[in-house]
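I opened a fresh page for this protein. I wanted to look up its surface, its inner spaces, its charged pairs and its backbone.

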Amino acid sequence: MSAPCGGNGTCKGCLVNVKMPSGEMKELLACQTEYVLGMEITVPEEIISVAGANEALGSYDAEGFVAVDIGTTTIAMALVDGKTGKILEEYGSTNSQRAYGSDVISRIKASNEGKKEELRSLVLKDIKRGLDKFTGDYEKIVVSGNTTMIHLLLGMNCEKLGVFPFVSENLTPEIQLIDELSDKPVHFIPGISAFVGGDIVSGLLTFKNDGYSMLVDLGTNGEMVLWNEDHYFVTSASAGPAFEECRLSYGSETINELARLLDEGVIDESGLIEDEGKCSFSGEDIAKLQLAKSAIRTGIDLLMRKTSIREDEIKHLYISGGFGNHLSVKAATRIGLIPKELEVVCQICENTSLEGAIAYGLCADIKEAEAKEIIEKAIKVEIANLPEFNDLYASNMMFTAEGF
């Protein structure tokens, strides 16, 4: 089961209905309840949307392959025809590692506390399940994922990932065979840093370089890149689970609902509930959304400040990630997730990590060179260390679309 708090009993992500041996019905936290012989346990159905990718139809000289995007919350896979770029079959699932927490920090902590092999086994089983579903042939596997997910997949040591200065054991894993998956070679898209991984590099491989652009990946660890042909300024901001799987009764519709309640005055711009009878959110729900929204917006604002780029200089704002795939740009602007000036250049993308893995599989030599160039031009920006971070983060808790 999903456990955003990592089994500490605080997130209520593992609530189950239990019929006790006596016949009494109870709603209990699974992580805090010892099993008693005779219990009947009902686990609520959880529906997770797994974003797919656009096809890169054309003429290629590649063999059939499987592209894999390992997300912190979900795993998306595609069987691709190496000659035409056509997606023949798709598969998606939740990432079973979520039992150890919803974010990368929780997974790193679990790995360092002796769960490394268990975490590796869980994600391998998830991917193997997808491979077994595919009926077509393939000659290689191309994997895209954030740095922590790749470390856990390969059983690498995560100790340095979880403490400052956040050092990766290996950002460019070599092609290798993973016996638990198949007898086909596994290729990895390289990453930039401990918190800006191969999934972001993969996404960047799908965009053209035609002036200043920004990529915002909405997830538990929100990554942001501001770039032109000369530099890639990268950063990340911990948004927590609110954008992906928090126990709010929502998908992306939450942002639409929040925008509506703001417009109607049910919630004010500080997040205070003015009319509880008309509000579909609890105060706790709103607080989680404020924290997540502020983290992302502060990252956007500080990247622009750091580079002295004005909003009118940005030609494209790409929103990616499983949550971003269903996002209403108008609603996101209304709550202040993105600056109002960037609304007209905002574009919601499919799964750019998976899409980049497909491009990498179709044109390995070209995309490998492009990925290397992106990494060489990358400039890491530690926004939390900037003097204006705290004040800006506090002001961005407000549900307004005003720029900095």
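My entries follow, one topic at a time.

**Entry 1: the model**

I note at the start that this is a predicted model. I keep that in mind for each entry below.

**Entry 2: a nonpolar patch**

I looked at the surface first. Which residues form a nonpolar patch there? I found Met1, Tyr35, Leu37, Ile41 and Val43. Together they have about 550 Å² of accessible area.

I then picked out Tyr35. It lies in the loop between strand S2 (25–29) and strand S3 (40–42). Its relative accessibility is 49%, so Tyr35 counts as partly exposed. The cut-off for exposed is over 50%.

**Entry 3: the cavity**

Next I searched for enclosed space. How many cavities of 30 Å³ or more does the structure hold? I found 1. The volume of this largest cavity is about 70 Å³.

I listed what lines the largest cavity, and 13 residues came up. Nearest its centre lie Ile150, Leu171, Pro173, Ile189 and Gly191. Strand S7 (140–145) and helix H2 (147–154) each give at least two residues to the lining. H2 has the largest share, with 3 residues.

I sorted the lining by class as well. It has 7 nonpolar residues, 6 polar ones and no charged ones.

**Entry 4: the second largest pocket**

I moved on to open space. The second largest pocket holds about 640 Å³. It is lined by 30 residues, and Phe166, Phe195, Asn221, Ser236 and Glu382 are the closest to its centre. Helix H1 (104–133), strand S12 (232–238) and helix H9 (389–395) are the elements that give two or more residues to this lining.

Which element gives the most to the lining of this pocket? I found S12, with 5 residues. By class, the pocket lining has 19 nonpolar, 8 polar and 3 charged residues. I noted those charged residues, since the lining of the largest cavity has no charged ones.

**Entry 5: salt bridges**

I searched the whole structure for salt bridges and got 16. I wrote up three pairs.

My first pair is Lys83 and Asp61. Their closest N and O atoms are 3.5 Å apart. Lys83 sits in the loop between strand S5 (74–80) and strand S6 (87–94), and Asp61 in the loop between S3 and strand S4 (65–70), so the salt bridge ties together parts that are 22 residues apart in sequence. Are these two buried or exposed? Lys83 has a relative accessible area of 45% and is partly exposed. Asp61 reaches 72%, so it counts as exposed.

My second pair is Lys184 and Glu139. Here the closest N and O atoms are 3.6 Å apart. Lys184 is in the loop between strand S8 (176–177) and strand S9 (185–188), and Glu139 is in the loop between H1 and S7, so this pair ties together parts 45 residues apart in sequence. Glu139 has 35% relative accessibility and counts as partly exposed. I also found a network of salt bridges that links Glu139, Asp183 and Lys184.

My third pair is Lys377 and Glu373. Their side chains meet at 2.8 Å, N to O. Both residues lie in helix H8 (residues 364–377). They are 4 residues apart, about one turn of the helix. Lys377 is partly exposed, with a relative accessible area of 25%. Glu373 is partly exposed too, at 38%.

**Entry 6: backbone notes**

Last, I checked the backbone angles. Where is there a cis peptide bond? I found one from Phe164 to Pro165, with omega near 10°. Pro165 lies in the loop between H2 and S8.

Phe166 is in the loop between H2 and S8 as well. Its phi is near 60°, a positive value in a residue other than glycine. At 30% relative accessibility, Phe166 counts as partly exposed. I had already met Phe166 among the residues closest to the centre of the second largest pocket.

Ser308 also has a positive phi, near 60°, and is not a glycine. Ser308 lies in the loop between helix H5 (283–307) and strand S13 (316–320). Its relative accessibility is 60%, so Ser308 counts as exposed.

Definitions and conventions. Residues numbered from 1 in each chain as written. Predicted model: local features only at pLDDT ≥ 70, side-chain atom pairs only at ≥ 80, totals over all residues. Heavy atoms only, no water. Patch = residues over 30% accessible without salt bridge, like charges linked within 9 Å, V, L, I, M, F, W, Y side chains within 5 Å. Areas by Shrake-Rupley, 256 points an atom, 1.4 Å probe, with all protein chains shown as cover. Salt bridge = Lys/Arg side-chain N within 4 Å of Asp/Glu carboxyl O. Buried < 20%, exposed > 50% of the residue type's maximum accessible area, 1.4 Å probe, protein only. 1 Å grid on protein atoms, 1.4 Å probe; cavity = no way out; pocket = protein on both sides within 12 Å on 5 of 7 lines; lining within 4 Å. Points joined across faces, edges and corners; volume = space filled by probe spheres on them. Nonpolar A, V, L, I, M, F, W, Y, C, P; charged D, E, K, R; others polar.
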